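Here is a friendly walk through one protein chain, written for reading with the structure open beside it.

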Amino acid sequence: IYWYANDGQPDVWIGSADLMHRNLDRRVEALVLLTLPEHVAEVRELLDLGFDEGTASWHLRPDDTWERHVRAADGTPLIDMQAYLIAAKQRRSGA
């Protein structure tokens, strides 16, 4: 996802490129501009969820190791984004 705020009128692109030399030198990578407001809104919701403190994440510690955060300070489970996306897909498809 490439999100450009554009003074309140976001330009939002999606694509497969991870901007590594091996991908850019030996592959064709493509980006697609999202033009429908509902698509932009859905990507915005996903970004908001992904960056929300209530979503499980990894934190880089001072010793350069990664620590998984799956519970809030009070012990309640944080949202697992992958499980959330799977459930959302199932709801949309009527499964």
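Which residue follows α3, and what is the sign of its phi? That residue is Gly 94, and its phi is positive, near 80°. Please keep in mind while reading that this is a predicted model.

## Helix α3 from end to end

Helix α3 covers residues 81-93, which makes 13 residues. From its first C-alpha to its last it reaches 18 Å, close to the 18 Å expected at 1.5 Å a residue.

Both ends are worth a look. At the N-terminal end, Asp 80 acts as the cap of α3, with a side-chain oxygen lying 3.0 Å from the backbone nitrogen of Gln 82. After the helix comes Gly 94, the residue with the positive phi.

## A salt bridge between two helices

Side chains of opposite charge can pair when their charged atoms come close. In this model the count of salt bridges comes to 3. One of them joins the side chains of Arg 92 and Glu 42, at 3.3 Å from N to O. This pair links distant parts of the chain, since Arg 92 belongs to helix α3 and Glu 42 to helix α2, 50 residues apart.

How open to the surroundings are the two partners? Arg 92 counts as exposed because its relative accessibility is 59%, over the 50% cut-off. Glu 42 has 35% relative accessibility, so this residue counts as partly exposed.

## A salt bridge within helix α2

Another salt bridge brings together the side chains of Arg 44 and Asp 48, with 3.4 Å from N to O. Both residues sit in helix α2, 4 residues apart, or about one turn of the helix. An α-helix has 3.6 residues a turn, so residues three or four places apart point the same way.

Arg 44 counts as partly exposed because its relative accessibility is 38%. Asp 48, with a relative accessible area of 40%, is therefore partly exposed. If you would like a landmark outside the helix pair, try Tyr 4: Arg 44 and Tyr 4 are 40 residues apart in sequence and 12 Å apart in space, C-alpha to C-alpha.

## The salt bridge of Arg 61

Arg 61 forms a salt bridge with Asp 63, and the closest N and O atoms of this pair are 3.6 Å apart. Arg 61 has a relative accessible area of 36%, so Arg 61 is partly exposed. Asp 63 counts as partly exposed because its relative accessibility is 46%.

## A buried threonine in a loop

Now turn to the loop between α2 (37-51) and β4 (57-60), where Thr 55 is found. Is Thr 55 buried or exposed? Thr 55 counts as buried because its relative accessibility is 2%, and buried means under 20%.

Which residues does Thr 55 touch, leaving out those up to four places away in sequence? They are Leu 49, Gly 50, Leu 78, Ile 79 and Met 81. Met 81 also falls within helix α3 (residues 81-93).

## A nonpolar patch on the surface

To finish, look at the surface where Ile 1, Ile 14 and Val 32 make a nonpolar patch of about 250 Å². Ile 14 is part of strand β2, which runs over residues 11-15. With a relative accessibility of 35%, Ile 14 lies between the buried and exposed cut-offs of 20% and 50%, so Ile 14 counts as partly exposed.

Notes
Residues numbered from 1 in each chain as written. Predicted model: local features only at pLDDT ≥ 70, side-chain atom pairs only at ≥ 80, totals over all residues. Heavy atoms only, no water. Patch = residues over 30% accessible without salt bridge, like charges linked within 9 Å, V, L, I, M, F, W, Y side chains within 5 Å. Areas by Shrake-Rupley, 256 points an atom, 1.4 Å probe, with all protein chains shown as cover. Salt bridge = Lys/Arg side-chain N within 4 Å of Asp/Glu carboxyl O. Helix = DSSP H or I, 4+ residues; strand = E, 2+ residues; numbered from the N terminus. Buried < 20%, exposed > 50% of the residue type's maximum accessible area, 1.4 Å probe, protein only. Expected span 1.5 Å × (residues − 1). Polar contact = N/O pair within 3.5 Å; in protein donor to acceptor, adjacent residues only side chain to side chain. Contact = heavy atoms within 4.5 Å.
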